Amino acid sequence: AANMVTRYWGCSEAARQATEQAFRDGWYFTGDIGAIDPRTGKLRIIDRKQNVTELYIHGRSVWVPVCDLESTYQTCYPEIKHIYLHGDRAEACLIAVVVMRGNHKRDEILSKLKKIGIEKKLNSWEIPRAVVVVQTDWVIGAELSVTGKPCRGVLSRKYKPDIDAEYARLEALQGDRCKLISRENFDYLDYRFICDSETDSVVLN
């Protein structure tokens, strides 16, 4: 548009890079995520792009405010030193990557996160289904930004094998549950599940 600026002020390298990222083909990319309200037809701003992640739930995309959720979990669970919530648009759940204060079992952490989610009345997809526990601390300039926030791209790449392994484990577990339920002689009263526990994910008779 004729009345829109075409670049950021200044001649520094930072200004040049920011201009390349934000101004393309006559458009200004604000970095916001929005949605059209089906009732009014108006655009509603959801959040900044870096503050949300996309999940694919029941055949539709859902934007999850992971930064707010990370803050909630860390505030309610002080034993968490750092937390990064990973979402994948091809998946229906979050994976938590955590650095803990002290020694805590994976199942204990996951149970506590679920309890917080229930107490805070979060949506089911806002509660992590699995946890990756990291033994080494995160540092500013690497895994953390200068403000101490998780560097999402860095963490996603660094822990991709662990995150992928958890998604694969959850998928296999879901397959086992579906096979069991489909049995003709299956009786819900005879079985109980702990779906996401590494030690108790088997069906108990």
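1. Strand S7, residues 80-86, is mostly covered in this predicted model. Six of the seven residues of S7 are buried. The strand pairs with S8 (residues 95-100) in the antiparallel sense, and six bridges join the two. Two positions fix the register between them: Ile83 has Val98 of S8 as its bridge partner, and Ile80 stands opposite Met100.

2. Strand S8 is likewise mostly covered, with six of its six residues buried. Its side chains divide between two directions: Ile95, Val97 and Val99 point one way, whereas Ala96, Val98 and Met100 point the other way. Residues of both sets are buried.

3. On its other pairing, S8 meets S9 in the parallel sense over five bridges. Here Val98 stands opposite Val133 of S9. Val98 therefore has a place in both pairings, as the bridge partner of Ile83 and as the residue opposite Val133, in a sheet where S7 and S9 each have a single partner strand.

4. Taken together, these strands form an open sheet of three, in the order S7-S8-S9, with mixed pairing. S7 and S9 (130-134) stand at the edges; each has a single partner strand, so one side of each is left without a neighbour in the sheet. From one strand to the next, the twist averages 25 degrees. As a general point, strands of a sheet pair through backbone hydrogen bonds, in either the parallel or the antiparallel sense.

5. Which strands does helix H3 lie across? The helix lies across S7, S8 and S9, and runs at about 125 degrees to S9. H3 comprises residues 106-119.

6. Helix H3 also meets helix H2 (residues 66-76): their axes come within 10 Å and cross at roughly 110 degrees. H2 is therefore roughly perpendicular to H3, since angles of 65 to 115 degrees fall in that class. On the H2 side the contact is made by Thr72, Tyr73 and Cys76; on the H3 side it is made by Lys112, Leu113, Ile116 and Gly117. By character, the residues of this contact divide into four nonpolar, two polar and one charged.

7. Arg106 deserves a separate comment. Is this residue of H3 buried or exposed? Its relative accessible area is 13%, and it counts as buried because this value is under 20%. The side chain of Arg106 makes a polar contact with the side chain of Glu166, at 3.0 Å. Arg106 has its place in H3, the helix that lies across the three strands S7, S8 and S9.

8. Some remarks on the chain as a whole complete the note. The chain contains five helices and nine strands. Along the sequence, these elements follow the pattern α-β-β-β-β-β-β-α-β-β-α-β-α-α. The chain has 205 residues, of which 32% count as buried. Among contacts in the chain with a separation of 6 or more, 47% are accounted for by residues 24 or more positions apart.

Definitions and conventions. Residues are numbered from 1 along each chain as its sequence is written. This is a predicted model: local features need pLDDT of at least 70, side-chain atom pairs count only at pLDDT 80 or more; totals for chains, interfaces and linings use all residues. Side-chain values use heavy atoms; hydrogens and water are left out. Buried means under 20% relative accessible area, exposed over 50%, partly exposed in between (1.4 Å probe, protein chains only). Helices (H or I, at least four residues) and strands (E, at least two) are DSSP runs, numbered from the N terminus. Two strands pair if DSSP finds at least two bridges between them. A polar contact is a pair of N or O atoms within 3.5 Å; within protein, one must be able to donate a hydrogen and the other to accept it, and residues adjacent in sequence count only if both atoms are side-chain atoms. Axes are lines fitted to C-alpha atoms, for helices over the stretch in contact, and angles run from 0 to 180 degrees between N-to-C directions. Angles under 35 degrees count as roughly parallel, over 145 as roughly antiparallel, 65 to 115 as roughly perpendicular and the rest as oblique. Contact means heavy atoms within 4.5 Å. Ala, Val, Leu, Ile, Met, Phe, Trp, Tyr, Cys and Pro count as nonpolar, Asp, Glu, Lys and Arg as charged, and the others, Gly among them, as polar.
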